[in-house]
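Me: I'm new to reading protein models, and I keep tripping over the labels people use. Could we go through one together and ask what each label rests on?

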Amino acid sequence: MHKPLSDALQKIEQTLASKRKARSRQTQMAFDENGQMVDDAVQSDVEQVLKIIQLPLWENQVRGLPNPLARSALFSVARQNEPRQHLKERPITSVKGVEIFYTGEELRQDDEDVFLNLVHLARSQPLGHEVSFTAYSMLKSMGWPTSSPSYERLRLCILRLTANAVEIRFDAGSGKRGYGGTLVQEFTFKDETDRQWKVRLNPKLITLFGADAYTQLDWRQRLKLRSPLAKWLHGFYFTHREPFGYKVETLKGLCGSSAQQLYHFRNGLKKALDLLVEQGFLKSWKIDPMTDVVTVVRATRTQSLPQLGA
């Protein structure tokens with residue numbers, strides 16, 4: 001159990017025990033919904049516990065990925081050396097049932113790696129509390145080199161996640177939901193010799209992490225994928241228990257590919273799908289020569305990595 005939550009519960013138990021032993025009460029009393037008298041201090045502690053917002057406590061080998069983000073081109077597959085666009089209220093290509101509008105510098109798969117790791121760190125405490133980490137540990141957890149360019153790359157990724165505005169609307173099992181705001185609320189860091197960094201996430205991000213709105217992604221598999229397209233496909237198909245067939249052109253739009261010609265994208269797609277087979281994520285794949293529809297077969301999943309997305 002998370003420490004602030006367990007501390008609050010322990011405090012409630014201690015307060016109740018002491019009040020049962022006391023012969024007189026010197027504090028104000030209140031009535032609960034059953035008409036019984038409850039000490040104001042106990043009532044305040046209960047309210048404090050109920051106000052705690054916390055992400056699901058998934059295992060360390062997975063990362064929590066909101067389905068609407070995985071099923072869209074918000075984190076595109078453009079390569080690191082390509083110039084990034086500056087977008088303003090840009091509609092982001094996504095699957096049916098998901099609408100995303102984005103303002104800010106274009107986000108890519110390296111930004112998604114950082115976002116997934118920040119959310120992972122934030123899950124162990126109330127959402128909205130400050131999350132502290134060393135830049136070195138963050139780089140190591142993503143398999144990036146610990147060189148000066150990597151520190152700068154990481155800093156720029158977090159700044160992009162902070163300096164944006166995103167509006168997300170999506171269908172979930174319990175109805176229509178939405179989130180509007182930044183992906184990272186604030187970011188602070190000390191000098192280069194210290195590299196102690198801190199971020200804070202918006203508590204309202206919890207909307208994207210309902211039981212029917214996010215997926216627990218196999219992080220170890222993702223770390224082995226160096227191709228941005230392979231990473232995107234891994235996240236995309238992870239959100240489907242039984243993946244649908246999609247035309248090559250549809251996948252090109254959904255992943256935000258900058259390929260000028262469809263046949264160029266198709267060739268890259270084949271290589272990325274082969275990588276997913278090599279890593280044991282896919283059992284097989286094929287592209288229908290008549291319809292250009294891509295169908296994939298997922299490999300058997302272990303029960304230690306539960307699928308929460310539809």
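Me: How do the residues of the lining of the largest cavity divide into nonpolar, polar and charged?

Reply: This is a predicted model, by the way. In it, the lining of the largest cavity has 6 nonpolar, 2 polar and 3 charged residues. The full lining is Leu65, Leu69, Ala70, Phe75, Gln109, Glu112, Arg222, Lys231, Trp232, Gly235 and Phe236. Glu, Lys and Arg count as charged, and the lining includes Glu112, Arg222 and Lys231. Gly is put with the polar ones, which is the group for Gly235 in this lining.

Me: What makes this space a cavity, and how many turn up?

Reply: The label cavity is for points where a 1.4 Å probe fits but cannot get out. Searching the whole structure for cavities of 30 Å³ or more gives 1. About 40 Å³ of space lies in the largest cavity.

Me: Which elements give two or more residues to the lining of the largest cavity?

Reply: Helix 3 (67–70), helix 4 (109–122) and helix 8 (228–238) do. Helix 8 gives the most, with 4 residues.

Me: Why is Ser72 called buried?

Reply: Ser72 has a relative accessible area of 0%, and buried means under 20%, so Ser72 gets the label. You'll find Ser72 in the loop between helix 3 and strand 4 (75–76). Setting aside neighbours within four places in sequence, Ser72 is in contact with Ile92, Thr93, Ser94, Ile100, Trp232 and Leu254.

Me: What makes the pair of Ser72 and Leu69 a polar contact?

Reply: A polar atom of the Ser72 side chain is 3.1 Å from the backbone oxygen of Leu69. The cut-off is 3.5 Å, so the distance of 3.1 Å falls within that limit.

Me: Why are Cys157 and Cys255 called buried, and how many disulfides are there?

Reply: Cys157 has a relative accessible area of 0%, and Cys255 is also at 0%. Buried means under 20%, so both cysteines qualify. As for disulfides, the search of the whole structure finds 0. A disulfide would need two cysteine sulfur atoms within 2.5 Å.

Me: What is phi of Glu89, and is Glu89 buried or exposed?

Reply: Phi of Glu89 is near 45°, a positive value in a residue other than glycine. Most residues other than glycine have a negative phi. Glu89 sits in strand 5 (residues 86–92). With a relative accessible area of 58%, Glu89 is exposed, because exposed means over 50%.

Me: How do you know that Asp292 is buried?

Reply: Asp292 comes out at 16% relative accessibility, and the cut-off for buried is under 20%, so Asp292 counts as buried. The place of Asp292 is the loop between strand 15 (282–287) and strand 16 (293–298). Phi of Asp292 is near 65°, again positive in a residue other than glycine. The side chains of Asp292 and Arg266 are joined by a polar contact of 2.9 Å, and that value is within the 3.5 Å limit.

Me: Why does Ala272 count as buried, and which residues is Ala272 in contact with?

Reply: Ala272 is at 1% relative accessibility, and under 20% is called buried, so the label fits. Ala272 lies in helix 10 (residues 262–278). Leaving out neighbours within four places in sequence, Ala272 is in contact with Ser227, Leu229, Ala230 and Leu233. The C-alpha atoms of Ala272 and Pro228 are separated by 8.7 Å, with the two residues 44 apart along the chain.

Note on methods. Residues are numbered from 1 along each chain as its sequence is written. This is a predicted model: local features need pLDDT of at least 70, side-chain atom pairs count only at pLDDT 80 or more; totals for chains, interfaces and linings use all residues. Side-chain values use heavy atoms; hydrogens and water are left out. On a 1 Å grid over the protein atoms alone, a cavity is a set of points where a 1.4 Å probe fits but cannot get out, and a pocket is an open set with protein on both sides within 12 Å along at least five of seven lines; lining residues have an atom within 4 Å of a point. Grid points are joined across faces, edges and corners, and a volume is the space filled by probe spheres set on the points. Buried means under 20% relative accessible area, exposed over 50%, partly exposed in between (1.4 Å probe, protein chains only). A polar contact is a pair of N or O atoms within 3.5 Å; within protein, one must be able to donate a hydrogen and the other to accept it, and residues adjacent in sequence count only if both atoms are side-chain atoms. Contact means heavy atoms within 4.5 Å.
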